[in-house]
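Me: Please take a close look at one part of this model, the salt bridges, and set the nonpolar core beside them. I would like to know which side chains pair, where they sit in the chain and how accessible they are.

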Amino acid sequence: MQGIHCVLYALFTPSGALDREAMRFQVAQMLSLNVDGIVVLGLATEVHKLDQSEQEALVNWAAEDIAARVPLAVTVTGNSVAQQRHMVRFALAHGASSLILQPPAAGDYSSETCIDFFSDVADGFDATFAIQNAPQYLGQSLSDSQIGQLRARNPGFSVVKSESSAVGLASLVEALDSTMSVLNGRGGLEMIDCLFAGANGFILAPDVIDKSKRVVDLWCKGDLDAARNAYAEVLPTIVFVMQSIEHLICYGKRLYGLRSGIEIHDRSPAMAPSAFGIAAVERFAAKLGPIHRDQIMRL
């Protein structure tokens, strides 16, 4: 896993059901931007508001709409080994190429217990596994050396989905086996510094992913000044959106909706937008312009 991967928003109808057509459009739009992969069931997908059948539906829909044009990664949640193994088995049978494991949300466990948990979930599967190391969002994480211990127990753990500062990311990259990939999130905060630190890519929500992808594309071409300028253009928006996961879902999703022509509906419980917040999102959307739509209807 490397490059820019999009973690899909869960898009709902006015009645609160998952919106099949909006989800299809979202995937087509991301493919038109030439993202390097698509992720479902992450925190931006509001996975904890989805029941098992809805989670499985989103995996099926994404696989159908992607049609193997880019890799599909599935974030796996659950408070037991059996629950997570069920989703791993389902995802692999329905088109996933990699799995991103989250620690159990219930309880406060030692790092050793988490290592055992991840190892037991992955045991026996011939697949690429990542762990999501996001203590500020998930409450638990592994240290750099403990990630190495997990890798030693199961070589399938070859990716880290990090939510860390550039300084923390540099420490992680230095500590890990050079064959492991490190993808950062945080909406793209400190993107340039994370690239300097050795990030292999980013997993980002769709709201400004076209702008973030341009930054990385310019970086990969060696045009660092242009990459810095492109990042400076989008950074105020990223800072506004990435105050918390709830803030991202409230305002980031609305920013995506304005830039894509999609009406956004919340599934309760959800943060209610303020008049000031909506006005800010409208300013950002006007400045950034619509997300590129060429070829979407042909995908």
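Reply: What follows goes through the salt bridges one pair at a time and then turns to the core.

The model is predicted, and it holds 15 salt bridges. Side chains of opposite charge can pair when their charged atoms come close.

One of these pairs is R24 with D65, whose closest N and O atoms are 3.7 Å apart. The two residues belong to distant parts of the chain: R24 lies in helix α1 (residues 20–32) and D65 in helix α2 (residues 52–66), with their positions 41 residues apart. R24 has 29% relative accessibility and therefore counts as partly exposed, since buried is set at under 20% and exposed at over 50%. D65, at 11% relative accessibility, counts as buried.

A second pair is E46 with K253, where the N to O distance is 2.6 Å. This pair also links distant parts of the chain, 207 residues apart: E46 is in the loop between β2 (37–40) and α2, and K253 is in helix α11 (residues 245–260). Both E46 and K253 are buried.

A third pair, D225 with R228, has an N to O distance of 3.4 Å. Here both partners lie in helix α10, three residues apart, which is about one turn of the helix. D225 counts as exposed because its relative accessibility is 55%. R228, with a relative accessible area of 37%, is partly exposed. Beyond single pairs, R20, E21, R24, E64 and D65 are joined into one network by salt bridges that share partners. The R24–D65 pair described above thus has both of its residues in that network.

Now the core. The largest nonpolar core has 104 residues, and within this core I38 and L99 touch the most other members. Helix α10 (residues 224–241) gives the most to this core, with seven residues. That helix also carries the D225 and R228 pair.

For L99, setting aside neighbours within four places in sequence, the contacts are V74, V76, V88, A91, L92, A127, T128, F129 and A130. A second, separate core consists of five residues, among them L43, A134, I245 and I249.

To put the three pairs side by side: E46 and K253 are both buried. In the R24–D65 pair, R24 is partly exposed and D65 is buried. In the helix α10 pair, D225 is exposed and R228 is partly exposed.

Definitions and conventions:
Residues numbered from 1 in each chain as written. Predicted model: local features only at pLDDT ≥ 70, side-chain atom pairs only at ≥ 80, totals over all residues. Heavy atoms only, no water. Core = buried A, V, L, I, M, F, W, Y, C linked by side-chain atoms within 4.5 Å. Buried < 20%, exposed > 50% of the residue type's maximum accessible area, 1.4 Å probe, protein only. Helix = DSSP H or I, 4+ residues; strand = E, 2+ residues; numbered from the N terminus. Contact = heavy atoms within 4.5 Å. Salt bridge = Lys/Arg side-chain N within 4 Å of Asp/Glu carboxyl O.
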